[in-house]
Amino acid sequence: MTQTASPTTPNPIEASYRHEDWLRGYESQPQEFDYWIEDIMGELPPELQGTFFRNGPGLLEVNGQPLHHPFDGDGMVSAISFAGDRVHYRNRYVRTAGFCQEQAAGRILYRGVFGTRKPGGWLANAFDLRFKNIANTHVIYWGGKLLALWEGGEPHRLDPATLETWGLETFDGQLKPPVFAAHPHLDPASEADGGQPCLVNFAVASGLSTTLKLYELDPSARIVRQTTYPISGFAFMHDFAITPHYGIFFQTPTTLQGLPYVLGLRSPGECIRFHPDRPTRVILLPRPGAMPAAAKPIVLETDPCFVFHHANAFEMGDEICVDSICYATFPTLKPGTDFRRVDFRALPPGELWRFHLNLKTGKVTHEVLLTRCCEFPSLHPAHVGRPYRYLYLGAAPAPMGNAPLQAFLKLDLQTGEQQLWSAAPKGFTGEPLFVPRPGSTAEDEGWVLAIAYDSCHHRSDVLIFAAQDLGQGPIARLHLRHHIPFGLHGSFTPEVFIR
Ligand code: CO
């Protein structure tokens with residue numbers, strides 16, 4: 001058959017993927033695996049030693065009853081161990097109380113924050129305000145503890161070698177409501193600790209007003225500082241940013257309409273309304289120990305926007321810069337619309353914005369650094385809260401419009417240079433993770449680790465990029481024997497636990 005020229009100009013926003021290929025990446029993975037990866041393309045860097053942990057929803061149904069949204073899916077943790085010249089894969093479900101109860105019952109017993117309902121209509125759901133801690137959002141290794149995180153409850157502690165669930169972590173009973181968000185940031189040189197690293201996390205409890213808490217944990221995972229701040233109004237906060245002196249929060253113009261939730265008609269996620277006529281409040285909370293005890297929160301205002309993730313923040317004299325993935329509105333979850341039928345083009349794309357907060361004048365300005373649809377920012381861990389040059393992101397392959405993440409992007413914030421590697425049309429990406437090469441000095445000297453879903457083979461690959469040359473594509477592709485459903489966040493530790 002001969003090829004003829006297309007009579008029409010290619011549409012620049014034509015989909016880079018087929019919807020059914022994307023959807024297969026959300027098939028449940030009920031199996032738990034434990035094997036050495038043998039199918040490897042390319043070369044493993046011998047200096048890359050350690051464990052790459054990932055978390056995300058592994059089950060998109062309970063015994064055939066579909067969930068309404070992937071964010072309601074039970075947490076499944078993967079561990080990819082780089083041990084000598086071999087790589088090991090293991091995954092296990094976090095045995096949360098809710099997971100064990102629902103698996104034993106063979107049906108959905110809990111309402112989900114993002115729209116999953118118990119069978120039986122609104123009557124079965126009304127006045128049931130219990131949620132299960134699904135431990136599906138992040139996994140970190142800190143102070144000898146492997147912790148699966150979810151933003152509405154205590155961390156679950158896991159065995160780092162076997163991923164067996166050991167139970168809820170309360171840090172010697174010091175963790176009290178509101179407990180622990182799923183987005184800690186690691187301060188590489190904490191001022192209150194004489195330059196030692198410290199883990200900073202927050203907790204939020206919100207209704208008509210909001211309580212924000214800052215937690216700081218030392219390298220042995222002891223809570224060494226915590227401070228609580230009351231904030232006016234409702235706040236939906238998934239992430240925050242840190243600098244040496246502040247925890248920085250965006251209170252975006254959202255409200256919660258509680259009645260449909262209480263009556264069982266809607267989930268909390270479906271009750272959030274975005275108000276494009278109201279400003280976003282930027283709240284700077286003084287970090288305990290790094291600021292005088294009498295220091296008060298600073299509240300500034302900027303244009304309405306919605307943010308899930310902040311990339312980084314840093315101080316420059318009287319100015320603080322905050323880089324965030326911004327959406328024009330909150331992508332409202334409509335009751336009755338299943339995520340499986342989502343029209344990406346109808347939703348606003350996430351863009352990278354830089355906010356300049358002037359602490360002297362109280363003025364906030366912002367500029368758009370990247371209009372390409374992007375999410376899941378990652379940078380060199382030594383630059384968290386400090387000036388930095390390189391940012392790594394999951395991105396859409398096309399420069400305009402909203403679409404699933406099918407590419408990885410490295411952005412040079414100094415020159416604006418971009419390096420893009422795309423897995424389209426059959427591949428789908430997510431969060432990249434920058435891992436510095438041991439002993440490196442350049443900010444981009446290291447690797448970018450990621451998991452990508454290959455819909456051609458219905459399996460996932462572990463990808464290793466040389467961060468200085470991300471655009472050339474992965475230097476190694478490790479083919480797993482199966483797929484991992486699209487995940488959320490992960491982390492790396494140079495420790496190896498596999499025996
Ligand atoms: Co997140």
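User: Before we look around, what counts as a cavity here, and which residues line the largest cavity?
Analyst: A cavity is a set of grid points where a 1.4 Å probe fits but cannot get out, and lining residues have an atom within 4 Å of such a point. Keep in mind that this is a predicted model. Strands β6 (75-83) and β7 (86-93) each give two or more residues to the lining of the largest cavity. The whole lining is T51, A79, S81, H88, R90, P160, A161, F497 and I498.

User: What is the volume of the largest cavity?
Analyst: The count comes to three cavities of 30 Å³ or more. The lining of the largest cavity has five nonpolar, three polar and one charged residues. As for the space inside, its volume is about 50 Å³.

User: And which residues line the second largest cavity?
Analyst: This one has a volume of about 40 Å³. Its lining splits into six nonpolar, two polar and two charged residues. By name, they are L44, P45, P46, L48, Q49, F82, G84, D85, R86 and V87.

User: Let's turn to the open spaces. Which residues are the closest to the centre of the second largest pocket?
Analyst: About 1,100 Å³ of space lies in that pocket. It is lined by 45 residues, and among the elements giving two or more of them are β12 (185-187), β22 (306-316) and β35 (490-493). By class the lining holds 28 nonpolar, 13 polar and four charged residues. Closest to the centre are L186, P381, L433, S491 and F492.

User: There's a cobalt ion too. Which residues coordinate the cobalt ion?
Analyst: Each donor is the NE2 atom of a histidine, at 2.0 to 2.1 Å from the metal. Along the sequence the donors follow the spacing H-x54-H-x70-H-x179-H. The residues are H183, H238, H309 and H489.

User: Why is the arrangement around the cobalt ion irregular?
Analyst: Four donors count as tetrahedral if all angles lie between 85 and 135 degrees. Square planar needs opposite donors over 155 degrees apart and all others between 65 and 115. The arrangement here is irregular because the four donor atoms subtend angles of 92 to 158 degrees.

User: How many residues apart are H309 and H489?
Analyst: H309 sits in strand β22, while H489 is in the loop between β34 (476-479) and β35. The pair links distant parts of the chain, and the two are 180 residues apart.

User: Are H309 and H489 buried or exposed?
Analyst: Buried means under 20% relative accessible area, and exposed means over 50%. H309 falls in the first group, and so does H489. For both, the word is buried.

Methods:
Residues numbered from 1 in each chain as written. Predicted model: local features only at pLDDT ≥ 70, side-chain atom pairs only at ≥ 80, totals over all residues. Heavy atoms only, no water. 1 Å grid on protein atoms, 1.4 Å probe; cavity = no way out; pocket = protein on both sides within 12 Å on 5 of 7 lines; lining within 4 Å. Points joined across faces, edges and corners; volume = space filled by probe spheres on them. Helix = DSSP H or I, 4+ residues; strand = E, 2+ residues; numbered from the N terminus. Nonpolar A, V, L, I, M, F, W, Y, C, P; charged D, E, K, R; others polar. Donors = N, O, S within 2.8 Å, 3.2 Å for Na, K, Ca; no water. Tetrahedral: all angles 85-135°; square planar, octahedral: opposite > 155°, others 65-115°. Buried < 20%, exposed > 50% of the residue type's maximum accessible area, 1.4 Å probe, protein only.
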